[in-house]
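Let's take a walk through this one together. Have the model open and follow along.

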Amino acid sequence: MPFDEKNPSPAPTHRITLDQDGSLIIHGSDLHIEKLSLDGGDLLVQGEVDALTYEEEVPSSFLSRLFRG
């Protein structure tokens, strides 16, 4: 199917659902947060995503919290 400048096709969309504790790090270019809901845990990002990195939270010990800088 040839590219039509007058009628460009929409960019593909993807949906990811995480049900774990931890941090999601999004790497890419031209990233823009379109929607952020802290109550519902929803995030809508537009741009070119190169990588998603999931990091689990490491429980901290009493000593690590005491000497945290």
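What follows goes from the overall fold to single residues, and then to the pocket and the surface.

Keep in mind from the start that this is a predicted model. The chain is simple to lay out: it has one helix and two strands. Reading from the N terminus, the order of the elements is β-β-α. Strand E1 covers 23–37 and strand E2 covers 42–55.

Now for how much of the chain is tucked away. Buried residues account for 0% of the 69 residues in the chain. Buried here means under 20% relative accessible area, so keep that cut-off in mind as we look at a few individual positions.

Start with Asp 30, which sits in strand E1. Its phi is near 55°, a positive value in a residue other than glycine. That is worth a second look, because most residues other than glycine have a negative phi. As for its surroundings, Asp 30 is exposed, since its relative accessible area is 62% and the cut-off for exposed is over 50%. Across from strand E1, you can look for Glu 48: Asp 30 and Glu 48 are 18 residues apart in sequence, yet their C-alpha atoms are 6.3 Å apart in space.

Another pair to check is Gly 47 and Leu 31. Gly 47 belongs to strand E2, and its C-alpha lies 4.3 Å from that of Leu 31, with the two positions 16 residues apart in sequence numbering. Gly 47 has a relative accessible area of 48%, so it counts as partly exposed.

Further along strand E2 you come to Tyr 54. Where does Tyr 54 stand in space relative to Gly 22? The two are 32 residues apart in sequence and 7.0 Å apart, C-alpha to C-alpha. Tyr 54 is partly exposed too, with a relative accessible area of 27%; that value is not under 20%, which is why Tyr 54 does not count as buried.

Next, the pocket. The largest pocket has a volume of about 1,100 Å³. It is lined by 27 residues, and the closest to its centre are His 14, Ile 16, Leu 43, Leu 44 and Val 45. Strand E1 and strand E2 are the elements that each give two or more residues to this lining. Which element gives the largest share of the lining? That is E2, with nine residues. By type, the lining of the largest pocket splits into 14 nonpolar, ten polar and three charged residues.

Finally, turn to the surface. Ile 16, Leu 18, Leu 24, Val 49 and Leu 52 make up a nonpolar patch there, and together they have about 420 Å² of accessible area. Ile 16 is thus a residue to revisit, being one of those closest to the centre of the largest pocket and also part of this patch. Leu 24, another patch member, is located in strand E1 and is partly exposed, at a relative accessible area of 38%.

Note on methods
Residues are numbered from 1 along each chain as its sequence is written. This is a predicted model: local features need pLDDT of at least 70, side-chain atom pairs count only at pLDDT 80 or more; totals for chains, interfaces and linings use all residues. Side-chain values use heavy atoms; hydrogens and water are left out. On a 1 Å grid over the protein atoms alone, a cavity is a set of points where a 1.4 Å probe fits but cannot get out, and a pocket is an open set with protein on both sides within 12 Å along at least five of seven lines; lining residues have an atom within 4 Å of a point. Grid points are joined across faces, edges and corners, and a volume is the space filled by probe spheres set on the points. Helices (H or I, at least four residues) and strands (E, at least two) are DSSP runs, numbered from the N terminus. Ala, Val, Leu, Ile, Met, Phe, Trp, Tyr, Cys and Pro count as nonpolar, Asp, Glu, Lys and Arg as charged, and the others, Gly among them, as polar. Patches are made of residues with over 30% relative accessible area and no salt bridge: like charges are joined within 9 Å, nonpolar side chains (Val, Leu, Ile, Met, Phe, Trp, Tyr) within 5 Å. Accessible areas come from the Shrake-Rupley method with a 1.4 Å probe; for residues, only the protein chains shown count as cover. A salt bridge is a side-chain nitrogen of Lys or Arg within 4 Å of a carboxyl oxygen of Asp or Glu. Buried means under 20% relative accessible area, exposed over 50%, partly exposed in between (1.4 Å probe, protein chains only).
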